[in-house]
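Dear colleague,

I am handing over the structure below for your files. Please look through it before reading the notes that accompany it.

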Amino acid sequence: MRATHDTTPLVLFGGTFDPVHRAHISAARSVSRVLGNAPVHLLPNAVPPHRPQPLADGEQRLAMLELACADHPCLIPDDWELQQSGPSYSLLTLQHYRAQIGNRPLVFMIGADSFASLHHWHRWQDYTGLCHLAVVPRPDSPQATDTVLATFPETQPERLMRHANGLRLMLHGPFLDVSATAIRQALAEKGDCPALEPAVVAHIHRHHLYNVAKSSSPESDTRPHER
């Protein structure tokens, strides 16, 4: 664990974002806020190694992220993983950003369910030399293994920001309690879902994503940041 003098963390939040929903945005904003309004880069996976492949392509998922993050300056859609070939291993992303920011705090944001299975991830033990963890709660998530808990000691934000890597911040809310599968089912059946921002729903209709019928498309959203 390396000490650092630049206390502004860079937070990385990866996922399929298929589609991005309000729980993603709320969680990212909470982590940013507790870490002094730190920037959070939201990185859509190109080829996620631990879950089924996304239904929407990378360009569409990035476009939806840009819409969902448009009113939140601390949230930055980032296409770095989409530009890489092969599986989107978090280790490679962490190595890239650690090289970019030097000895500044780097925080990897994950859900409690992912934290509980971290010991199955590719070279997870190397993470402690690259980043901190910010763990966002999910209902009924199992406990992480004792080895994982010991590898990333729990701490408070103030101490985390004094070090570059190797610690763990446990958030108590908000919960990442939204099912992307349920969202896609609601879109296919009803053409809408309250877990999505209206601009994201409009984009889904405009591009007929997730089996939303063309006949159900709402009026176009003419906001200038739409592609």
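The notes below describe the sheet first and then a pair of helices.

Please bear in mind that this is a predicted model.

The sheet is open and consists of six strands, arranged in the order β3-β2-β1-β4-β5-β6 with parallel pairing. Its edges are formed by β3 (75-77) and β6 (168-170); each of these has a single partner strand, so one side of each is left without a neighbour in the sheet. From one strand to the next, the twist averages 25°.

Within this sheet, strand β4 (residues 106-111) and strand β5 (residues 132-136) run parallel and are joined by five bridges. In this pair, F108 stands opposite L133 of β5. Helix α3 (residues 90-101) packs on the sheet, where it touches β1 (10-15), β2 (40-44) and β4. The direction of α3 makes about 155° with that of β4.

The second topic is the pairing of two helices. The axes of helix α2 (residues 58-69) and helix α8 (residues 198-206) come within 8 Å and cross at roughly 150°. Because angles over 145 degrees count as roughly antiparallel, α2 is described as roughly antiparallel to α8. The crossing of α2 past α8 is right-handed.

On the α2 side, the contact is made by Q60, A63, M64, L67 and A68, and on the α8 side by A199, V200, H203 and I204. Of the residues in this contact between α2 and α8, seven are nonpolar and two are polar, while none is charged.

Yours sincerely

How values were computed
Residues numbered from 1 in each chain as written. Predicted model: local features only at pLDDT ≥ 70, side-chain atom pairs only at ≥ 80, totals over all residues. Heavy atoms only, no water. Pairing = 2+ DSSP bridges. Helix = DSSP H or I, 4+ residues; strand = E, 2+ residues; numbered from the N terminus. Axes fitted to C-alpha atoms, helices over the stretch in contact; angles between N-to-C directions. Contact = heavy atoms within 4.5 Å. Parallel < 35°, antiparallel > 145°, perpendicular 65-115°, else oblique. Left-handed = near helix turned anticlockwise from the far one by under 90°. Nonpolar A, V, L, I, M, F, W, Y, C, P; charged D, E, K, R; others polar.
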